[in-house]
Number of protein chains: 2
Amino acid sequence: MYEKIIKEKGLSLTKKRVDILRTLDINKKPLMIDDIKKKVKTKMDTSTIYRSLKVLVDSGLVYQTDFREGVSYFEFHGENGHHHHIICTTCKKRESIDICMDKAFPSLEKKTGYKITNHIFEIFGLCKTCLK
Amino acid sequence: MYEKIIKEKGLSLTKKRVDILRTLDINKKPLMIDDIKKKVKTKMDTSTIYRSLKVLVDSGLVYQTDFREGVSYFEFHGENGHHHHIICTTCKKRESIDICMDKAFPSLEKKTGYKITNHIFEIFGLCKTCLK
DNA sequence: TTCATTTTTGCAAAAATTTGCAAAAAAATA
DNA sequence: TATTTTTTTGCAAATTTTTGCAAAAATGAA
């Protein structure tokens, strides 16, 4: 299954990549490098995790996000699972939101000549509690 | 001028913050920490630049973005200057784009109870040249 | 102003992320 | 399948970013 997904993106199929993708999919929430390193089945070097994720992110399979906590987070968004977040800059709490700009992408591709593969969209602010 | 902008956001007014903000404004393009360190008038420690920028970014004065080059970039968007980018994941070339989601923010604030201060929106893909 | 309180800064150290290079694994070709 | 070529991985080292703590600067109240 993950094998198929990776192949379809034209990436080389490696056990580590499958392992990482499965780990992200099973956990259903943003994981940081250290989480992934602990949860993955195969023992793998940290630099391998970084490099594998870079490939998966560039291809659009994995969503990378920066919650401004000093570490990056990664998620696998399966069918219809694509979403973004709103994050409190004070308490770091975050929630999923369901607005996105996808609809504008086809015309943007036409205008720029780019083939769009991925995007980041995150909103920062103060949550109800921290506003007080 | 920069003094006023900083004060209006309710931040403490320091010479370093003014210096950083002026530097970003004058240069009119995304700068990385090292650029800022070199261009700034006052000698200041790298950690001070990081920390000052964090405050400026959280307040919404400065736009922080990750072009996936291994370093962060910072921009000051003055009046009507707010914009985002489309970035080629292969050659790292980037262009400004003029689409944004701001219009959705008021209703999102109402729905979530957050006071939105800043956001990230960046699009990645393959440029015309790298597609070949 | 002056003094007390809070926030910022510099420095050194820690943590996160990237990179070069040789060995291992995967893909392409025969 | 065997062989060659290309890509990925592990390891060590480099670079970028974050953090704790004491001193310096900014803020707020007399």
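## A tour of the model, from DNA strand C to the salt bridges

By class, 5 nonpolar, 11 polar and 7 charged residues make up the surface near DNA strand C. The model is a predicted one, and this surface is the first stop.

**Stop 1: DNA strand C**

Select DNA strand C and show the 23 residues around it; Tyr50(A), Lys16(B), Arg17(B), Thr48(B) and Arg51(B) come nearest. Next, colour the strand by sugar, phosphate and base. Of its atoms within 4 Å of the protein, 71% belong to sugar or phosphate, and the rest to bases.

Now pick out individual contacts to the phosphates. Start with Tyr50(A): an N or O atom in its side chain is 2.3 Å from a phosphate oxygen of DNA strand C. Move to Arg17(B), where a polar side-chain atom lies 2.5 Å from a phosphate oxygen of DNA strand C. Then show the backbone of Asp45(B), since a side-chain view will not display this contact: a polar backbone atom of Asp45(B) is 3.2 Å from a phosphate oxygen of DNA strand C.

Switch to a cartoon view to place this surface. The elements that give two or more residues to it are H4 of chain A, together with helix H2 (15–27) and H4 of chain B. Which element gives the most to the surface near DNA strand C? Select H4(B), which gives 4 residues.

**Stop 2: the largest pocket**

Hide the DNA and turn to the largest pocket, with a volume of about 1,000 Å³. Its lining has 35 residues, and those nearest its centre are Gln64(A), Asp66(A), Ser72(A), Asp66(B) and Ser72(B). Select these five to centre the view.

Next, colour the elements that give two or more residues to the lining. In chain A these are helix H3 (33–39), helix H4 (46–59), strand E2 (62–66) and strand E3 (72–76). In chain B they are helix H3 (33–39), helix H4 (46–59), strand E2 (62–66) and strand E3 (72–76). With 6 residues, H4(A) gives the most to the lining of the largest pocket. Colour the lining by class and expect 15 nonpolar, 8 polar and 12 charged residues.

**Stop 3: salt bridges**

A search of the whole structure finds 10 salt bridges over all chains. Three of them follow.

Side chains of opposite charge can pair when their charged atoms come close.

Begin in chain A with Lys28(A) and Asp25(A), whose side chains meet in a salt bridge at 3.4 Å, N to O. Are these partners buried or exposed? Lys28(A) is exposed because its relative accessible area is 66%, over the 50% cut-off. Asp25(A) is buried, with a relative accessible area of 12%, which is under the 20% cut-off.

Go to chain B and select Glu8(B) and Lys4(B). They form a salt bridge whose closest N and O atoms are 3.4 Å apart. Both residues lie in helix H1 (residues 2–8) of chain B, 4 residues apart, about one turn of the helix. Glu8(B) counts as exposed at 59% relative accessibility, and Lys4(B) is exposed too, with a relative accessible area of 57%.

Finish at Asp19(B) and Arg22(B), where the side chains meet in a salt bridge of 3.1 Å, N to O. These two are 3 residues apart in helix H2 of chain B, so about one helical turn separates them. Asp19(B) counts as buried, at 2% relative accessibility.

Terms used
Residues numbered from 1 in each chain as written. Chains lettered and ligands numbered in written order. Predicted model: local features only at pLDDT ≥ 70, side-chain atom pairs only at ≥ 80, totals over all residues. Heavy atoms only, no water. 1 Å grid on protein atoms, 1.4 Å probe; cavity = no way out; pocket = protein on both sides within 12 Å on 5 of 7 lines; lining within 4 Å. Points joined across faces, edges and corners; volume = space filled by probe spheres on them. Nonpolar A, V, L, I, M, F, W, Y, C, P; charged D, E, K, R; others polar. Near = heavy atom within 4 Å. Polar contact = N/O pair within 3.5 Å; in protein donor to acceptor, adjacent residues only side chain to side chain. Salt bridge = Lys/Arg side-chain N within 4 Å of Asp/Glu carboxyl O. Buried < 20%, exposed > 50% of the residue type's maximum accessible area, 1.4 Å probe, protein only.
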